[in-house]
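Reader: Could you take me through a close look at the aromatic side chains in this protein, and then place them in the wider fold? I would like to know what sits beside each ring.

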Amino acid sequence: MELMGSTLAATYARPKTSHFLPAISTMASSYRNPQAALAMNPSDNLWRTNSYYKSSSTVPTPSSIQRENLDLVRSKTMFYPSNRTALSTRYTPEDWYKSNMSNYRESESSRKSAERLRRDTIRMMQDKEQLTRLTQEKTSKNIGERLNDIVFWRAELSHEIDNMVTEIAALNEVKRRLERALAETEGPLQVSQECLYHREKRMSIDLVHDHVEKNLIKEVEVIKSCQERMRRHLDRAIAQLASNRAAQHELERDMSDKVTAQRIDGRCHHLRNTSDAIGYHRGIDRLDPSLSLPDSWSKFTDDNILLSQSERAASQKLRDEIEILLSTTSNEMWNQFNNANVAFTNRVSEIADAKNSLQTHLAKTLQEIFQTEMLIESLKKALRDKECPLKVAQTRLEERTRRPNMELCRDNPHHRLVGEVREIEDTIHKLQERLMEAQNTLQTLVRTKVTLEHDLSIKANSLFLDQEKCMSMRKSFPSMPRLVGYT
C-alpha cells in the first residue's frame, strides 16, 4: 500500500502537544529539505520502515521475506514535514512480523538441535549402561565359574586331608601298639604322656596337681619299668609319619590358599555398584602378578592329592606289617590305667558341677545386667523428659523479663517459675546421680560377668581337655588281648 499525503501512522505517532515543547510540525527541523533523508547512507537506514518500499498485500512467506530483504523497492511516497519524524522512529507490521518469524525460526532450530542432542545423548548413555551391565554380568559369571572350580578342588583336598588325618591317627595308634610290643609299655606310656601334655594346657586356677595328674605320673613310672621289645619297624613308622605329615602340610597349605582365594573371589563375586568396599585403583589392569595358568593350577592340586594317596598307601602297608609285631603287656599297666581312668571320671564330674554353678551365676548376672541397662535407659528417658519442662519454665522466665516498666513485677507466677526451674534442676541432678550409680553398678556387673565368663572358659577348657582329649584317647587303650599282641 502506497502512502498518500499524511499517513495514519504519521498521525497517531505524532507526539502530544504540551505547554513545554512545540509540536513536531512547528520545529525548525520540520522545515528542512525532506530530500535530505533520502541522501543518507543506506547502511545507516537499515532500521527504517517499509513505508519507503513496496509491500505485498498478502501475508509474507519466509521466501518472500528473504527476497524483500535482498531487493527492496522504493515506494512512491510524498513526504511532508508532519510525517518525517514518524517514519524515522517506527517500524511497519511487516518488520515486526519478519522479526517474530526470524525469532521463531531461530528458536525452533535451537530447540530441534537441543532435542536431537538430548535424544542422542540419552540413547548413548543407555547403550553404554547396557554394555557396562552386560560386561559386569559376564565378569561375575566368570568369577562364579572360577569359584565352582575352587569349591570342587577344595572338596577334594578336604576329603584327602580327612583321609590323611585319619591315616596319621591310625598310624600313631599302631606305632603306640608297636612301642608296647617292643617294650610292653610304650603304648600306654605314650597315652599317659599325651594326657599329661594335654593337661598342661589347663589355664589359671585349674592348673592344679590333682589325683588325675598323680595317677598319670605313677602310670608313666610303672610303664617305664617294663620296656623291652623290638624296634625294627619303629623307625619306619616314625619316618612314615613324617612323610604323612609333610603330605598333610602340603595339602593344608594348598587348602589354605584355596580358602583365601575362595574368600577373595567370593567377595569379588558379591561386589555390586552399591557396595561400600569399592574404589579406584589406577593402573591395576596393567599389573599381572599371575604365577600359574588354569591347567598348571589344577595339575598342582592333583599332584598334591596323588602324593598324599601314595603316602597313605605306604602308611597302610606299614601298619599291616606292624600288626604282626604286636606283643603282650602286663596286668600292672592295666590296673594303673583303670585307676587313672577312675580319677579322670571323678575330676570330670567335679569340673562339670563347677561349670554348671558358674553358668547359673552367669545367667543371673546377665539378667541383672539387662535389668540395670533397662534402668539406665529409663533414667536417660526421664532426663530427656525433663528437658522440655525446663525449657518451658526458663523460656517463661526469660519472656517475662521483657515486661515494660512497672509491669516487671516479682509476682506469684515469677516465684512459682523460679521454684519450678529449681525443682526441675534438682530432679535432673538427682536423676543424673542415680544414672551415674546405675552405670557404676553396670560396670561392676560387667566386670563380674567377664570374670565368670573367663572362669567358665577355663572350666570348659579343662573339661574339654579331660573329657574330650584325654578320656577319648584313653578309651582306645588296648584291651588285654591287644596288650599281648592281638588286635
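Author: Happy to start with Tyr280: Arg282 lies over the face of this ring, at 4.6 Å from the ring centre. Please keep in mind as we go that this is a predicted model. There is another arginine to look at in the same way, Arg146, whose charged end sits over the ring of Trp297, 3.9 Å from the centre of that ring.

Now to rings that meet other rings. The structure holds 2 aromatic pairs. One of them joins Phe152 and Trp153: the ring centres are 5.2 Å apart and the planes stand at 75 degrees, and since an angle over 60 degrees counts as edge-to-face, that is what this pair is called. Are these two residues buried or exposed? Phe152 has a relative accessibility of 44%, so Phe152 counts as partly exposed. Trp153 is buried, because its relative accessible area is 15%, and the cut-off for buried is under 20%.

The pair formed by Trp334 and Phe337 has ring centres 5.6 Å apart and planes at 35 degrees, so this pair is tilted. The label follows because 35 degrees falls between the limits of 30 for stacked and 60 for edge-to-face. Why might these two rings come together? Trp334 and Phe337 both belong to helix α9 (residues 331-400) and are 3 residues apart there, so about one helical turn separates them. An α-helix has 3.6 residues a turn, so residues three or four places apart point the same way. As for cover, Trp334 counts as partly exposed at 26% relative accessibility, whereas Phe337, at 3%, counts as buried.

Since we are on helix α9, let's follow it along. Thr365 also has its place in α9, and with 10% relative accessibility Thr365 counts as buried. What does Thr365 touch, apart from its neighbours within four places in sequence? The contacts are Leu445, Thr448, Lys449 and Leu452. Further on, Arg400 is in helix α9 too. Beyond its neighbours within four places, Arg400 is in contact with Leu408, Cys409, Asp411, Pro413, His414 and Leu417. Of these partners, take Pro413: the C-alpha atoms of Arg400 and Pro413 are 9.6 Å apart, with the two residues 13 apart in sequence.

Those contacts bring us to helix α10, which covers residues 412-475. Its 64 residues reach 89 Å from first C-alpha to last, close to the 94 Å expected at 1.5 Å a residue. At Phe464, α10 bends by about 25 degrees. Ser462 is found in this helix as well and counts as buried, because its relative accessibility is 1%. Leaving out neighbours within four places in sequence, Ser462 makes contact with Arg202, Asp206 and Ile351.

Stepping back to the whole chain, the protein has 11 helices and 0 strands. Of its 487 residues, 32% count as buried. Among contacts between residues at least 6 apart in sequence, 85% join residues at least 24 apart. The accessible surface comes to about 32,500 Å², and carbon and sulfur atoms account for 55% of that area.

Key
Residues numbered from 1 in each chain as written. Predicted model: local features only at pLDDT ≥ 70, side-chain atom pairs only at ≥ 80, totals over all residues. Heavy atoms only, no water. Helix = DSSP H or I, 4+ residues; strand = E, 2+ residues; numbered from the N terminus. Expected span 1.5 Å × (residues − 1). Bend = angle between axes of the 7 residues up to and from the residue. Buried < 20%, exposed > 50% of the residue type's maximum accessible area, 1.4 Å probe, protein only. Contact = heavy atoms within 4.5 Å. Areas by Shrake-Rupley, 256 points an atom, 1.4 Å probe, with all protein chains shown as cover. Phe/Tyr/Trp six-rings, centres within 6.5 Å; stacked < 30°, edge-to-face > 60°. Lys NZ or Arg CZ within 6 Å of the ring centre and 35° of its normal.
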